[in-house]
Amino acid sequence: MARYAILIDHDYCTGCHTCEVACQQEHSYPVGTNGVTVREYEYEANGRVKIDYLPFFTEHCDFCTARLARQEQPACVKHCQARCMEFGLSNDLGETMKERPRAALFTHVPHR
Ligand code: SF4
Ligand code: SF4
């Protein structure tokens, strides 16, 4: 069975939260419920304050099953402002991670 995934390249996430809004609108989720939520991690490196933004997928993420059935990308991926999210087969995306030092894969097996 094909295992789908969303790759997130943390080096390019700007923390714009558009993915959260896109997910809420797609599913008509109430305020406070999201399939993806963007967390912030603030730290110091080389004497400077840095912030990393970490999109985190929750139990409310259904991988946009209805959109996939229409051959459309998940709403969060389509609307990501920084194009730091990619949707595809986990094996294919995993291959591309060799050249991405700070990427993560969120995997999903569709329900039968
Ligand atoms: S894949 Fe769809 S359901 Fe999951 S977080 Fe993205 S928009 Fe929400
Ligand atoms: S839309 Fe893209 S750039 Fe914006 S917070 Fe979400 S993952 Fe990061």
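**Note on the ligand surroundings and the sheet**

1. In this predicted model, ligand 1 has 13 residues around it, of which C23, G35, C61, P74 and C76 come nearest. Two elements give two or more residues to this shell, namely α1 (18–27) and α3 (75–79). The largest share comes from α1, which supplies three residues.

2. As to its chemical character, the shell around ligand 1 comprises ten nonpolar residues, one polar residue and two charged residues.

3. Ligand 2 is surrounded by 15 residues; C13, C16, C19, C80 and A82 come nearest. Here the elements that give two or more residues are α1 and β3 (48–57). Helix α1 is thus named for the shell of ligand 1 and for that of ligand 2.

4. By class, ten nonpolar and five polar residues make up the shell around ligand 2, and no charged residue is found there. The shell around ligand 1, by contrast, has two charged residues.

5. Apart from the ligands, the model has an open sheet of three strands, in the order β4-β1-β5, with antiparallel pairing. Strands β4 (85–89) and β5 (103–108) lie at the edges and have a single partner strand each, so one side of each is left without a neighbour in the sheet. On average, neighbouring strands of this sheet are turned by 25 degrees against each other, direction ignored.

6. Strand β1 (residues 4–9) is joined to β4 by five bridges, and the two run antiparallel. Within this pairing, I6 has F87 of β4 as its bridge partner. In general, the strands of a sheet pair through backbone hydrogen bonds.

Methods. Residues numbered from 1 in each chain as written. Chains lettered and ligands numbered in written order. Predicted model: local features only at pLDDT ≥ 70, side-chain atom pairs only at ≥ 80, totals over all residues. Pairing = 2+ DSSP bridges. Helix = DSSP H or I, 4+ residues; strand = E, 2+ residues; numbered from the N terminus. Axes fitted to C-alpha atoms, helices over the stretch in contact; angles between N-to-C directions. Near = placed C-beta within 6 Å. Nonpolar A, V, L, I, M, F, W, Y, C, P; charged D, E, K, R; others polar.
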